[in-house]
Amino acid sequence: MRPGIPVRCLHRPLFQGLVVPWVSLTHNGHTAFGSLDASRMRHAFHRRLCQICSGRLEERFFVLVRPADQGQGYSPEPALHPECLPYAAAHCPMLNGHATHYRSRPVLASHPAGRPCPDASCACPAPGADEDHTARSGQPADRYEAWMIDSRHYLLAYRQEAPDVPVGISLNVPILRKRVLREAALPADQAAVLDLLRTALGLEQP
């Protein structure tokens with residue numbers, strides 16, 4: 001059973017019954033799920049805000065971590081409240097395992113939110129989540145974990161060439177708990193072999 005909308009998120013707008021995360025890119029009256037607003041991400045990093053409800057983080061928080069994030073030492077997305085994580089994990093296709101591959105092209109390439117803006121006075125939001133799209137384009141989805149960190153150890157990570165722009169939340173701090181959200185998706189050939197083995201052994205498909 002999927003968790004209901006957290007109390008913290010009741011003020012957030014809905015799209016097709018789902019909470020629109022605060023950091024999602026919204027433009028021209030459309031929300032591009034899966035693409036983040038770069039300016040809101042920076043604001044969330046600096047102000048210690050939850051990426052889903054926009055509320056300030058409290059005693060403990062979670063960050064989303066892939067193997068690549070662990071290797072580079074930071075999580076590239078704003079953190080989440082412990083109450084907001086289960087909702088995101090249940091409804092986000094990448095976190096709940098329904099999406100087996102990363103998109104083969106940036107979401108804004110065809111999404112209404114990315115169309116040219118007719119309002120010359122509009123401060124059009126800048127996309128942020130698709131910056132590393134090329135490296136992951138069309139690749140099998142990674143393993144995702146949620147790491148719990150005490151707010152005393154909230155530390156931003158920066159690149160040397162841009163010391164004023166945070167790239168994420170540091171993972172080089174004490175970690176209170178780790179929770180697997182989804183396992184990595186297997187390449188097509190490996191998945192086919194696994195299906196054959198399951199069939200031969202009479203095992204149920206996951």
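**Group meeting: a walk around α1, two sheets and a buried histidine**

Okay, let's start with the helix: α1 lies across β8 and β9, and runs at about 75° to β9. Keep in mind that this is a predicted model.

So what does α1 turn inward? Ala 38, Met 41, Ala 44 and Phe 45 of this helix are buried. Those residues sit on the same side of α1, because they cover an arc of only 120° around the axis. The cover over them includes β4 (30–36), β8 (156–159) and β9 (162–170). And just after α1 comes Arg 48, which has a positive phi, near 60°.

Now the strands under that helix. They belong to an open sheet of 3 strands, in the order β6-β9-β8, with antiparallel pairing. β6 and β8 are the edge strands here, each pairing on one side only. If you look at β8 and β9, they run antiparallel and are joined by 4 bridges. To pick a spot on your screen, find Ala 157 and look across to its bridge partner, Gly 168 in β9.

There's another open sheet of 3 strands, this one ordered β5-β7-β10, with antiparallel pairing as well. β5 and β10 (177–182) each have a single partner strand, so each has one side without a neighbour in the sheet. From one strand to the next, the twist averages 25°. β7 and β10 pair over 5 bridges in the antiparallel sense, and Ala 146 stands opposite Arg 179 in β10.

On to the core. Which residues of the largest nonpolar core touch the most other members? That would be Ile 52, Phe 61, Val 63, Ile 169 and Leu 181, out of 42 residues in this core. Among the elements that each supply at least two residues are α1 (38–47), β5 (60–65) and β7 (144–150), along with α3 (85–91) and α4 (93–96). That goes with a general tendency: in soluble globular proteins, nonpolar side chains tend to be buried together.

Let me zoom in on Ile 169. Leaving aside residues up to four places away in sequence, Ile 169 touches Phe 45, Phe 61 and Val 63, then Gly 73, Tyr 74, Ser 75, Glu 77, Pro 78 and Ala 79, and also Tyr 154, Leu 155 and Leu 156. Phe 45 in that list is one of the buried residues of α1.

Last stop, two loop residues. His 81 is in the loop between β6 (74–75) and α3. Is His 81 buried or exposed? It counts as buried, because its relative accessible area is 1% and the cut-off is under 20%. A polar atom of the His 81 side chain lies 2.9 Å from the backbone oxygen of Arg 56. Beyond four places in sequence, His 81 touches Arg 8, Cys 50, Cys 53, Gly 55, Arg 56, Leu 57 and Glu 58.

Cys 53 is in that list, so let's finish there. It lies in the loop between α1 and β5, and counts as buried at 2% relative accessibility. How far apart are the C-alpha atoms of Cys 53 and Arg 8? They are separated by 6.2 Å, although the two residues are 45 residues apart along the chain. Again skipping residues up to four places away in sequence, Cys 53 touches Arg 8, Cys 9, His 11, Arg 12, Trp 22, His 81 and Cys 84.

That's my tour, so over to you.

How values were computed: Residues are numbered from 1 along each chain as its sequence is written. This is a predicted model: local features need pLDDT of at least 70, side-chain atom pairs count only at pLDDT 80 or more; totals for chains, interfaces and linings use all residues. Side-chain values use heavy atoms; hydrogens and water are left out. A nonpolar core is a set of buried Ala, Val, Leu, Ile, Met, Phe, Trp, Tyr and Cys residues joined through side-chain atoms within 4.5 Å. Buried means under 20% relative accessible area, exposed over 50%, partly exposed in between (1.4 Å probe, protein chains only). Contact means heavy atoms within 4.5 Å. A polar contact is a pair of N or O atoms within 3.5 Å; within protein, one must be able to donate a hydrogen and the other to accept it, and residues adjacent in sequence count only if both atoms are side-chain atoms. The arc is that of the directions from the helix axis to the C-beta atoms. Two strands pair if DSSP finds at least two bridges between them. Axes are lines fitted to C-alpha atoms, for helices over the stretch in contact, and angles run from 0 to 180 degrees between N-to-C directions.
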